[in-house]
Amino acid sequence: MGPTRERRRRMPRAERERQMVEVAEEIFADRGFLATSMDDVAGQVGVSKPMIYEYFGSKEGLFVACIRSARAELLNVTLKSVEGVTSAEEAMRRGLTAFFEFTDSHRRSWKLLQAEAAVAGPGAVAEIEAVRQQQTAVNTRLFASFLQDLAHNEREAYAEMVVGACERLSLWYVQRDDVSAAAAAELVMRMVWFGLRPD
């Protein structure tokens, strides 16, 4: 009876890992990287601390997993937002709005993930850079689809500019309650679209 009940309670590895990451993101957001312990995470998930180490190797590894999870979600929402678009302007506006909606839904952790990456270690810094590179690649592909007269190096340069602008604006945006995701996207559109739109 006991072993059967225990087997029922067991969670598939992928689901358990996702649970650990979700809980860790909440705790990191509340307390910061340095003040969070693996005991905190293990206690809230309801597993042993050795199990956390088995899955992630270290606290930095757990922090990196949080960033990696956010990166995957951000890519998914960005790509979904531009499905079926028919113009470069529409693609950019939808993509920007999706980005700010994403940061809005991760308001407590977004600033922390960026600000504390250096504290967490080189793996976290590299993962934050991977987020930037991912979004730059998405923007470059969109520009290639809709702004075909632009040279490839110009597409990449404009993509980097958009990512940089969005990253800085997002840090301002997540501290405010009086600006919507659409309004934040429109601020970026006003700055960049007049230079990018076809004549």
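# Close-up views of a predicted helical model

**Figure 1. Helix α5 and its length.** Helix α5 holds 23 residues and reaches 33 Å from its first C-alpha to its last, close to the 33 Å expected at 1.5 Å a residue. The model shown here and in the other figures is predicted. Residues of α5 that are buried include Lys-59, Leu-62, Phe-63, Val-64, Ala-65 and Cys-66. Further along α5, Ile-67, Ala-70, Leu-74, Thr-78 and Ser-81 are buried too. Ser-69 is also found in α5. Ser-69 counts as partly exposed because its relative accessibility is 34%, and partly exposed means between 20% and 50%. The C-alpha atom of Ser-69 is separated by 9.0 Å from that of Glu-22, although the two residues are 47 apart along the chain.

**Figure 2. The whole chain, for orientation.** The protein chain has 199 residues, and 45% of them count as buried. Its secondary structure comes to 11 helices and 0 strands. Read from the N terminus, the elements therefore run α-α-α-α-α-α-α-α-α-α-α. The C-alpha trace spans about 70 × 35 × 30 Å along its principal axes. Among contacts between residues at least 6 apart in sequence, 69% join residues at least 24 apart. The average pLDDT of the chain is 88, and 93% of the residues score at least 70. Over residues 1-8 the pLDDT is below 50, and this stretch has 0 contacts in the model beyond near neighbours in sequence.

**Figure 3. Helix α2 and what covers it.** Helix α2 covers residues 13-31. Its 19 residues reach 26 Å from the first C-alpha to the last, close to the 27 Å expected at 1.5 Å a residue. Which residues of α2 are buried? They are Arg-16, Met-20, Val-21, Val-23, Ala-24, Glu-25, Ile-27, Phe-28 and Ala-29. The cover over these buried residues includes α3 (38-45), α4 (49-56), α5 and α7. After α2 comes Gly-32, whose phi is positive, near 90°.

**Figure 4. Phe-33 in the loop between α2 and α3.** Phe-33 has its place in the loop between α2 and α3. Is Phe-33 buried or exposed? Phe-33 counts as buried, because its relative accessibility is 5% and buried means under 20%. Leaving aside neighbours within four places in sequence, Phe-33 is in contact with Phe-28, Lys-59, Glu-60, Phe-63, Leu-112, Glu-116, Val-119 and Ala-120. Of these contacts, Lys-59 and Phe-63 are also buried residues of α5, and Phe-28 is a buried residue of α2. Phe-33 and Glu-116 are 83 residues apart along the chain, yet their C-alpha atoms are separated by 6.8 Å.

**Figure 5. The cavity and its lining.** A search of the whole structure finds 1 cavity of 30 Å³ or more. The volume of the largest cavity is about 390 Å³. Its lining is made of 29 residues, of which Phe-99, Gln-135, Asn-139, Val-163 and Cys-166 lie nearest the centre. By class, the lining has 21 nonpolar, 5 polar and 3 charged residues. Which helices each supply at least two residues of the lining? They are α5 (59-81), α6 (88-105), α7 (107-115), α9 and α10 (152-173). Helix α9 gives the most, with 8 residues.

**Figure 6. Thr-140 in helix α9.** Thr-140 lies in helix α9, which covers residues 122-146. Thr-140 is buried, because its relative accessible area is 10% and the cut-off for buried is under 20%. Not counting residues up to four places away in sequence, Thr-140 touches His-152, Arg-155, Glu-156 and Ala-159.

**Figure 7. Helix α10 and its buried residues.** The 22 residues of α10 should span 32 Å at 1.5 Å a residue, and the end C-alpha atoms are 31 Å apart, which agrees. Buried residues of α10 include Arg-155 and Ala-159, both of which Thr-140 touches. Val-163 and Cys-166 are buried in α10 as well, and both are among the residues nearest the centre of the largest cavity. The other buried residues of α10 are Val-162, Ala-165, Glu-167, Leu-169, Ser-170, Leu-171 and Tyr-173.

**Figure 8. Phe-194 in helix α11.** Phe-194 is found in helix α11, residues 181-196. Phe-194 is exposed, because its relative accessible area is 55% and exposed means over 50%. The C-alpha atoms of Phe-194 and Arg-68 are separated by 33 Å, and the two residues are 126 apart along the chain.

Terms used:
Residues are numbered from 1 along each chain as its sequence is written. This is a predicted model: local features need pLDDT of at least 70, side-chain atom pairs count only at pLDDT 80 or more; totals for chains, interfaces and linings use all residues. Side-chain values use heavy atoms; hydrogens and water are left out. Helices (H or I, at least four residues) and strands (E, at least two) are DSSP runs, numbered from the N terminus. Buried means under 20% relative accessible area, exposed over 50%, partly exposed in between (1.4 Å probe, protein chains only). Contact means heavy atoms within 4.5 Å. On a 1 Å grid over the protein atoms alone, a cavity is a set of points where a 1.4 Å probe fits but cannot get out, and a pocket is an open set with protein on both sides within 12 Å along at least five of seven lines; lining residues have an atom within 4 Å of a point. Grid points are joined across faces, edges and corners, and a volume is the space filled by probe spheres set on the points. Ala, Val, Leu, Ile, Met, Phe, Trp, Tyr, Cys and Pro count as nonpolar, Asp, Glu, Lys and Arg as charged, and the others, Gly among them, as polar. The expected span of a helix is 1.5 Å times one less than its number of residues. pLDDT is the predictor's confidence in each residue, from 0 to 100.
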